[in-house]
Amino acid sequence: MKATIFIISTVVIFYLMSLLHKKYSYPYLLPILTSTIILIPLLLILDIPYAEYMEGGQYIQHLLGPAVVSLAYPLYNQRHLIGKYKYTILSGILIAMISGLISVFLISLLFKLEDSYILTALPKSLTTPVAMQVSETINGIPPLTAVLVMIAGFVGALLGPFMYKLGKITSPISRGISMGSASHGVGISKLKDYGEEDLSIGSLSMGLSAVVGAVICPVFVWIFF
Amino acid sequence: MPQYMQIIRTIVQILILYVFYYMGVFVIEVTHLPLPPSIVGLLILVVCLQLKWIKVEYIQDGAGFLIGFMTLFFIPPMLGIIDYPELLSVKGSILIGAVIISTLFTILITGILSQKIGKKEMAMKEENVRGEDTLESNHLHH
């Protein structure tokens, strides 16, 4: 009974927040963000432990598996985009994955963070569903990873354009690759302002990074931990 | 197509996607590779699509539905954050700072390098095209 209530209220809140986002499409009104911000205080005020919520929540979460598999569909549809800039896109994604992993690893070492925190931060540039599953695979803390992924997305969307100016990055291909592979869906929503080519290369790069990152992250962990 | 047919179609396609997901789970259970099972399922599906073993039409409605609602599915795992209040501690803020700096660094370095590589790739392509042209015209002269 309780489980059903948790499922229904999660879906209803998500639905209402999606309507809100459809009406005012600001990045900080993303349904994932607003729904979480409503649900967290609700759970705390009503004194519902997370484990109890998950008696219902697990059924929603279970769909994440086939949902990640579904990402094969847009990836397959966008395969023609790879053609002309094959080497640029593939090497760009590798550069992004490696520089993202090494930089967050070195900063964390510098501040002597525990391993569990570093492992949690490593998948931050991947799209949320994949990042959480990678986090689980490498023994990070998946919900904490999700929050860091959101932060990486917002940083890209808000400060990415400043990096483009700083690095004199003017080609749509490199804007798309760098945003898609560092700041996933939230970041590439900003690319709409630049143009169609930026956006499509961005979403292709996000998909490819998810796959490449899901492989590289565990290898990186295997080497350094 | 009547609407109930569309619903059945979407459900059947989601079941097909589940089959690929469980293939991924199976591969991971057998090989013990440190990879998320869903990513393995994704790769198997991409290969099947590429080899035309499975038609895009068999999965596109189900995939479109799941992708459309994807963010809903990660709300429950994300709420797990309530069991980790340490995000609001000093260590949590350092972690957030590390993610911010690393993300900006990644965008900058990837943008600069991919722009350089992109120019090289274009130049190489143009050279190849020109090379083929001269080859062809030489051929014609003989």
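**Interface and salt bridges of chains A and B**

Chain B and chain A bury about 7,600 Å² between them, 81% of it on carbon and sulfur atoms, where buried area is the accessible area (1.4 Å probe) that two parts lose on being put together, summed over both. This is a predicted model in which local features need pLDDT of at least 70 and side-chain atom pairs count only at pLDDT 80 or more, while totals for chains, interfaces and linings use all residues. Residues are numbered from 1 along each chain as its sequence is written, chains are lettered from A in the order in which they are written, and side-chain values use heavy atoms, with hydrogens and water left out.

**The interface**
- Met78(B), Leu95(B) and Ile107(B) supply 9% of the area that chain B buries against chain A, more than any other three residues.
- The contact (heavy atoms within 4.5 Å) takes 69 residues from chain B and 95 residues from chain A.

**Salt bridges**
- Over all chains the structure holds six salt bridges, each a side-chain nitrogen of Lys or Arg within 4 Å of a carboxyl oxygen of Asp or Glu.
- Across the interface of chain B and chain A the rule finds one salt bridge, in which Lys91(B) pairs with Glu114(A), the closest N and O atoms being 3.3 Å apart.
- Within chain A, the side chains of Asp198(A) and Arg175(A) meet in a salt bridge (2.5 Å, N to O), and both residues are buried (under 20% relative accessible area, 1.4 Å probe, protein chains only).
- Within chain B, a salt bridge joins the side chains of Arg9(B) and Asp61(B) (2.8 Å, N to O).

Technical notes
Buried means under 20% relative accessible area, exposed over 50%, partly exposed in between (1.4 Å probe, protein chains only).
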